[in-house]
Amino acid sequence: MLHEKTIAFIGAGSMAEAMISGIVAAGKIPPNQVFVTNRSNQDRLNTLENEYGINGVTRENMNWQDIDIIVLAMKPKDAEIALQSITKTLLPNQLVLSVLAGITTTFMEQNLPPGQQVVRVMPNTSSMIGESATALTAGTFTTRENVSIAKELLTCIGEVYEIEESQMDIFTGIAGSGPAYFYFLMEHMEAAAKMTGLHEETTRDIIAQTILGAAKMIQQQDDTPSTLRKNVTSPNGTTAAGLAALEKHGGGKAISQAVKHAANRSREISSQLEGSLVENKKIKAV
């Protein structure tokens, strides 16, 4: 089903490239059915065309009515301009998929023809290696067939989770910002090991493998994180001592607060961004 579709990316940045790379590598859509465009950087289009065998096309030369899936992958502040550039040529069965932070399905629907099918997506940076945790929420008019197509497409960059749009902010706090929490943890573990003389690259590999192993334990077993933690914590042992230090210095609370603050900020950014775009629209109308 997906193999027969054509797809066009508006925006040629790192997220568009991550998705293009995944699509081509997975063979989900033939390269000659993948298109990418941007506002003015022809060199970037040429680079993607040469690297992946796809079609780099200028905005004015794109035939939008031949495209089944249109992916919004530009900067969020440019969303309104991008939507305006395609709205007059869209067909009801075309799917508009957005990977833009802060842009809701409601906003897209308000700036596209009535009844247009839209999907909002939130990937994370691990999409660059095909290991993203990606959230998906469908608009009011999107068919289940197109939701399934979007899910299949997004498996090219990792695992996909369909959630309610009201849950997008907490998802951002967990998965969108989550990689940075682990990198922060790794930084501090590296710093602690550095004082012992353990080689830096060896330390980094050890920490990465430890985190990877713990993640796989969660994925492959039915036990909860709490149970697994208790299973490896012997009374008065080394792990107990480490956990006690985390508790004493507020480690658990810090993690919870990180997720909550990131989610709150996601909510604020969404409100500010859409408010700004709406205000700009009013000014232009005057």
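**Exercise 1.** Which strands does helix α1 lie across, and at about what angle does α1 run to β1?

*Solution.* This is a predicted model, where local features need pLDDT of at least 70, side-chain atom pairs count only at pLDDT 80 or more, and totals for chains, interfaces and linings use all residues. Residues are numbered from 1 along each chain as its sequence is written, and side-chain values use heavy atoms, with hydrogens and water left out.

Start with α1, residues 14-26. Helices (H or I, at least four residues) and strands (E, at least two) are DSSP runs, numbered from the N terminus. Helix α1 lies across β1, β2 (34-37) and β4. Its angle to β1 is about 160 degrees. Angles run from 0 to 180 degrees between N-to-C directions, with axes fitted to C-alpha atoms, for helices over the stretch in contact (heavy atoms within 4.5 Å).

**Exercise 2.** Place the strands in the sheet and find its edges.

*Solution.* The open sheet has eight strands, in the order β3-β2-β1-β4-β5-β6-β7-β8. Pairing is mixed; two strands pair if DSSP finds at least two bridges between them. Strands β3 (55-56) and β8 (158-162) each have a single partner strand, so one side of each lacks a neighbour in the sheet.

**Exercise 3.** How do β1 and β4 run, and how many bridges join them?

*Solution.* Take β1 (residues 7-10) and β4 (residues 69-72). They run parallel, joined by four bridges. In one of these, Ile 10 has Leu 72 of β4 as its bridge partner.

**Exercise 4.** Locate helix α6 against the sheet.

*Solution.* Helix α6 (residues 168-176) lies across β6 (117-122), β7 (132-138) and β8. Its angle to β7 is about 175 degrees.
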